[in-house]
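Trainee: Could you take me slowly through one part of what is shown here, and explain how the pieces around it are arranged?

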Amino acid sequence: MVLIRSYSNRSRTLNRGMKLWSLNGMKSKQIKLFIIVIFTACIIWGWDKASRPSVLVLHPDPLSLFRPDHTKYLHQHPSSEEDFPSEENFVAPIVKVVEKVHALPPTGSNSVAKHTSDAGINEEESTLDKKECNYGKGRWVADERRPLYSGFGCKRWLAEGWACRLTQRTDFSYEKFKWRPEGCDMPDFDGPTFLKRMQDKTIAYVGDSLGRQMFQSMMCMATGGNDTTDVVDVGAIAYGFTQPVGAKRPNGWAYHFPLTNTTILYYWSSTLCDLQPIDISDPDTRYAMHLDRPPSFLRENLHRFDVLVLNTGHHWNRGKMNSNKWDMYINGVPNNDRKLALIWKAKNFTIHSIVKWLDNELPHHPNLKAFMRTLSPRHFFNGEWDSGGSCDNNNPMSRGFAVSNDSSEDPDADGAVRGTGVRLLDITGLSRLRDEGHISKYSINAARGVQDCLHWCLPGIPDTWNEILAAQL
């Protein structure tokens, strides 16, 4: 009995120990499981924090308020010709040319994730997307669907001297390329679609002969080069455009598309300065060239525009000023600032002045989208226009096919619009690669041995400028 009782006691003790060990084991497992859950949660939280879009910690770019020093144009080549290359020899920054094709991101893709639950993040990401989309950076690609209109047609709007299909030129491979910007969605241009987008709107081009080329290009693109009778000339009636006595052409053109109530116009202002006769009673008077005043046409009609494209550059030289009898004025009086007497400084001063004026006007015209178009490059090789310079290369992309620069090759225009509501229409770098697209020796009006390496054949490079404009709209 004693043995049985002793065994029974030991059994109860052993069972009690086993139960206690089993209970402690369960607690140990629970503790371990709890620790694993906490540790896993920490890892997930840390990974999620690290993977959030960087826009959450971005700060405003201080460069947006910085205006770079003006780049001096080094040479002057004066001329009395009204509409021919005669500005200073444009010396551009070194162009980074990509010799190999690199893969582009898918059309319309964005590198920044969207978070619709946070309006602040959306706005910040949208700004980043726009900054990343650089229409001046990209590459030329072959496109057999080009040109956008016939080089034999569009005779109503296209100047005969710019329609290279009507000249003795035989090579037209320059028509078969499309600009593909990096990281930007630039759909194929369609005239009817564009006019519908521009319904009840007015598009105004104001500038020199390169602005006029862009205007004529847009008229051909919008109509497909067809002389449709429903497009109405309203230049004289609506805007007072006339052809002065002795002038080669009117001071502007304006055409109205009744179907969409769209107007496309061009006004001649080669320097974007307000020009006023000093002595109106003197037929041989000189003209005050007000560097700090926009053209009166802009001041009087700005409220009528929905899209405005400005350009200047090729008339800023001493020869033009002397032949046109222009005298620089500031604050309504002759300029006495010796620094501003320098052509390149006067040009930069004017560009900054008109952009500043336009930026101040934008709040009063909330529907207006204004652009400063960068300089169209010249391609005179082995001399100037009056000294045997030529651009008779017919080999497309002989200078490369891509632009990898993030910054514009026109730092003056870029610096003027930076920090304002005026947008940059950057066409300089992409056009510099296309020296084969000029009128060259096939110009109808050029003297023997003189080539036009400033203006472009149409259809041609200015069509791309308008495609970029349409994309930015």
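Mentor: We shall look at the sheets, then at a helix beside them, and last at the spaces and bends nearby.

Before we start, keep in mind that this is a predicted model, in which local features need pLDDT of at least 70 and side-chain atom pairs count only at pLDDT 80 or more, whereas totals for chains, interfaces and linings use all residues. Residues are numbered from 1 along each chain as its sequence is written, and side-chain values use heavy atoms, with hydrogens and water left out.

The pLDDT, which is the predictor's confidence in each residue on a scale from 0 to 100, has a mean of 79 over the chain, and 71% of the residues reach 70 or more. Residues 1-8 have a pLDDT below 50, and this stretch makes zero contacts beyond near neighbours in sequence, a contact being heavy atoms within 4.5 Å. Residues 47-130 also have a pLDDT below 50, although in the model that stretch has 158 contacts beyond near neighbours in sequence.

Helices (H or I, at least four residues) and strands (E, at least two) are DSSP runs numbered from the N terminus, and two strands pair if DSSP finds at least two bridges between them. With that in hand, look at the open sheet of seven strands, whose order is 4-5-6-3-9-12-14 and whose pairing is mixed. Strand 4 (232-233) and strand 14 (423-425) stand at its edges, and because each has a single partner strand, one side of each is left without a neighbour in the sheet. Further in, strand 3 (residues 202-207) runs parallel to strand 9 (residues 307-310), and four bridges join them; Tyr-205, for instance, has Val-309 of strand 9 as its bridge partner.

Two helices belong in this picture. Helix 8 (residues 343-361) lies across strand 9 and strand 12 (369-373), and runs at about 170° to strand 12, where angles go from 0 to 180 degrees between N-to-C directions, and axes are lines fitted to C-alpha atoms, for helices over the stretch in contact. Helix 11 (residues 461-472) packs on this sheet as well, touching strand 3, strand 9, strand 12 and strand 14, and its direction makes about 155° with that of strand 14.

There is also an open sheet of three strands, ordered 2-1-13 with antiparallel pairing, in which strand 2 and strand 13 (402-403) are the edge strands, each pairing on one side only. Strand 1 and strand 2 are joined by six bridges in the antiparallel sense, and Arg-139 has Arg-180 of strand 2 as its bridge partner. Helix 11 packs on this sheet too, touching strand 1 and strand 2, with its direction at about 130° to that of strand 1.

Helix 11 also gives the most to the lining of the largest cavity, with three residues. A cavity is a set of points on a 1 Å grid over the protein atoms alone where a 1.4 Å probe fits but cannot get out, and its lining residues have an atom within 4 Å of a point. The structure holds two cavities of 30 Å³ or more, and the largest has a volume of about 90 Å³. It is lined by 13 residues, of which Tyr-174, Glu-175, Phe-177, Gly-460 and Thr-464 lie nearest its centre. By class, this lining has seven nonpolar, two polar and four charged residues. The second largest cavity, with about 50 Å³ of space, has among its lining residues Gly-136, Val-403 and Asp-426, while helix 10 (residues 428-432) gives the most to that lining, with three residues.

Finally, consider the loops. Pro-459 lies in the loop between strand 16 (452-456) and helix 11, and the peptide bond to Pro-459 from Leu-458 is cis, with omega near 0°. Another cis bond, also with omega near 0°, runs from Arg-146 to Pro-147, and Pro-147 lies in the loop between strand 1 (134-142) and strand 2 (177-182).

Methods. On a 1 Å grid over the protein atoms alone, a cavity is a set of points where a 1.4 Å probe fits but cannot get out, and a pocket is an open set with protein on both sides within 12 Å along at least five of seven lines; lining residues have an atom within 4 Å of a point. Grid points are joined across faces, edges and corners, and a volume is the space filled by probe spheres set on the points. Ala, Val, Leu, Ile, Met, Phe, Trp, Tyr, Cys and Pro count as nonpolar, Asp, Glu, Lys and Arg as charged, and the others, Gly among them, as polar.
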